[in-house]
Amino acid sequence: MQIEVKNLTHIYSEGMPYETVALTDISFEIDKGEFVGIIGHTGSGKSTLIQHLNGLIKPKSGSILIDGVDITGKDVKMRDIRRQIGLVFQYPEYQLFEETVHKDVAFGPLNLGLTQEEADNRVVEAIRLVGLSYDEIADRSPFELSGGQKRRVAIAGVIAMKPQILILDEPTAGLDPKAHGDILQMIERIHEVQQNSIILVSHNMGDIAKLADKVLVMDRGKLALTGTPAEVFRQSDLLESLGLGLPPATFMMRVLESKGIQVSTDILTIEGAEEELYRILTRGKN
Amino acid sequence: MIRDITLGQFYPGNSWIHRLDARIKIIWTFVYIISLFLIQSFWGYIPVLVTLGLIIGVSGVPLKFILKGLKPIFLIIVFTFTVNMFMTKGTPLIEIGFLTITEEGLYNAAFMGTRLVLLIIGSSLLTLVTKPINLTDGIEKLLSPWQKLGLPAHELAMMMTIALRFIPTLLEETDKIMKAQMARGADFESGNILNRAKSLIPLLVPLFISAFRIAQDLAMAMEARCYRGGSHRTRMNGMKLKKKDGAAVILMLLYLAVVISQAQGLFGRFI
């Protein structure tokens with residue numbers, strides 16, 4: 001396996017009056033090429049957890065093994081970790097700073113020690129991958145772009161580093177429905193092209209159900225539940241008690257079931273719901 | 001890392017000192033600062049230390065927390081100490097090349113150093129035990145007599161409130177941007193001064209943009225709620241002096257009397 005987190009615990013401002021336990025005894029594994037979704041209520045420790053994964057925060061106790069190497073160790077080079085693990089923060093457009101889009105996207109690759117030429121190639125590739133036209137946008141200032149474009153450029157800045165593991169913290173927060181759909185498609189495309197593992201933090205159960213191979217459910221700093229989307233979203237009572245909902249399609253099926261219509265409630269996506277409804281509605285006719 | 005700055009921070013609590021009227025605490029602090037400059041000898045520091053110890057004890061703020069606040073100004077303290085040590089004329093004690101350490105110099109250095117440390121501890125104690133919002137309310141009230149002379153007391157207090165309010169926000173913003181750039185391989189810790197200064201650009205540009213955005217949003221939100229500074233504004237919780245505030249004033253006068261009489265040599269015959 002690629003990532004192995006063992007008994008991770010973290011406390012903020014230890015010994016100060018504001019001391020808070022952010023993570024308690026978290027353990028999980030992620031395989032190479034897996035698409036993992038992390039869900040949880042605001043303040044459940046999702047952001048703290050993902051910041052541990054690329055060494056931005058050091059744990060109080062526990063270990064994080066990436067390809068068998070413990071990144072909490074002292075002699076680990078941060079540059080090597082950051083080369084392997086890309087982290088896209090919430091509202092990543094606020095980290096743009098360069099004069100042109102090209103220079104901004106090249107910032108990460110150059111920090112990894114690539115030559116200017118290699119970096120340039122990666123910039124072209126990354127901008128295409130996020131669905132923007134390189135020729136149109138490369139020489140413009142990132143500050144004159146639209147909100148959705150800015151976010152794509154910021155994400156391009158991370159994927160230009162070609163991480164084997166890409167972590168995205170609510171990449172669709174604050175976007176309109178169209179931009180939301182575009183970003184999701186883009187994530188799927190990156191996953192396909194770069195063949196990397198993806199960890200997606202999201203409040204949107206529909207997105208998680210559609211994309212993820214595995215779901216981690218966080219609650220007050222603890223790992224409440226892990227499993228495939230089908231396994232996790234079957235536990236609707238537990239999810240509700242954690243302040244989380246169901247994917248819209250699953251929710252609809254549950255409502256139909258409660259009205260006495262015999263449908264499968266293991267449906268996760270809109271497409272799945274469509275098929276199931278078609279099956280129910282045409283049952284009598286064939 | 002960046003969140004660990006303690007200077008100017010509030011330490012939550014509900015002690016007798018926490019509950020005092022902010023105005024009294026501000027005046028107390030002023031009296032305390034002035035008293036430090038009245039003191040002429042090391043003996044004079046004894047009442048100051050006793051008072052400071054009592055206040056810290058009652059407030060319940062851990063001493064470790066207060067001493068942490070001294071860290072950022074450590075260099076200034078060292079500088080003052082060194083300059084005083086070498087620059088005072090008098091009986092030579094040690095001679096190193098052209099530098100001479102005199103007896104008077106050493107005495108002066110220790111004396112000034114102590115004064116500086118006490119000054120900083122005392123004034124940081126004010127913010128540690130007073131909520132920022134109460135502090136600015138207190139300042140506004142104290143400045144209001146000068147309003148008739150055209151001093152914009154309310155505006156000044158409002159500006160301070162906003163500045164204080166945004167310290168944690170901007171620190172958090174800095175922390176966030178720093179982490180985002182570190183995730184892109186930025187290195188803020190190594191290299192020479194020039195490289196380090198250069199490496200701050202990816203941090204400062206987004207930070208300035210954020211600061212302007214936040215300021216604009218706040219201005220808009222205030223405008224939307226028809227904010228007009230200055231006259232005719234009333235408060236939901238007016239500041240009223242209570243018995244314990246009176247007690248604090250009496251203690252303050254006692255303290256001042258002790259310090260002044262010590263400085264005037266009135267205790268000379270006892271020591």
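Modeller: Let's start with a term: a crossing is left-handed if the near helix is turned anticlockwise from the far one by less than a right angle, and right-handed if clockwise. Keep in mind that we are looking at a predicted model.

Colleague: Thanks! How should I read a helix pair, and at what angle do the axes of α1(B) and α2(B) cross?

Modeller: In general, two packed helices are described by the angle between their axes and by the distance between those axes. Here, helix α1 (residues 22–38) and helix α2 (residues 45–59) of chain B have axes that come within 11 Å and cross at roughly 155 degrees. Because angles over 145 degrees count as roughly antiparallel, α1(B) is roughly antiparallel to α2(B). As for handedness, α1(B) passes α2(B) in a left-handed crossing.

Colleague: Which residues make that contact?

Modeller: From α1(B) come B:Trp28, B:Tyr32 and B:Leu36, while α2(B) brings B:Tyr45, B:Val48, B:Thr51 and B:Leu52. Sorted by class, the contact of α1(B) with α2(B) has six nonpolar residues, one polar and no charged.

Colleague: Now another pair: is the crossing of α6(B) and α7(B) left-handed or right-handed?

Modeller: α6(B) passes α7(B) in a right-handed crossing. Their axes come within 9 Å and cross at roughly 165 degrees, which means that α6(B) is roughly antiparallel to α7(B). The contact includes B:Ile133, B:Ile139 and B:Leu143 of α6(B), together with B:Leu156, B:Met160 and B:Leu164 among the residues of α7(B). By class, the contact of α6(B) with α7(B) has nine nonpolar, three polar and one charged residues.

Colleague: Let's turn to empty space. What volume does the largest pocket have?

Modeller: The general idea is to roll a probe the size of a water molecule over the atoms, which shows where empty space is left. In this model, the largest pocket has a volume of about 1300 Å³. Its lining counts 46 residues, with B:Ile133, B:Asn134, B:Asp137, B:Arg235 and B:Asn237 nearest the centre.

Colleague: And which helix gives the most to that lining?

Modeller: That is α7(B), with eight residues. The elements giving two or more residues also include α1, α6 and α9 of chain B. By class, the lining of the largest pocket has 15 nonpolar, 16 polar and 15 charged residues.

Note on methods. Residues numbered from 1 in each chain as written. Chains lettered and ligands numbered in written order. Predicted model: local features only at pLDDT ≥ 70, side-chain atom pairs only at ≥ 80, totals over all residues. Heavy atoms only, no water. Axes fitted to C-alpha atoms, helices over the stretch in contact; angles between N-to-C directions. Helix = DSSP H or I, 4+ residues; strand = E, 2+ residues; numbered from the N terminus. Parallel < 35°, antiparallel > 145°, perpendicular 65-115°, else oblique. Contact = heavy atoms within 4.5 Å. Nonpolar A, V, L, I, M, F, W, Y, C, P; charged D, E, K, R; others polar. 1 Å grid on protein atoms, 1.4 Å probe; cavity = no way out; pocket = protein on both sides within 12 Å on 5 of 7 lines; lining within 4 Å. Points joined across faces, edges and corners; volume = space filled by probe spheres on them.
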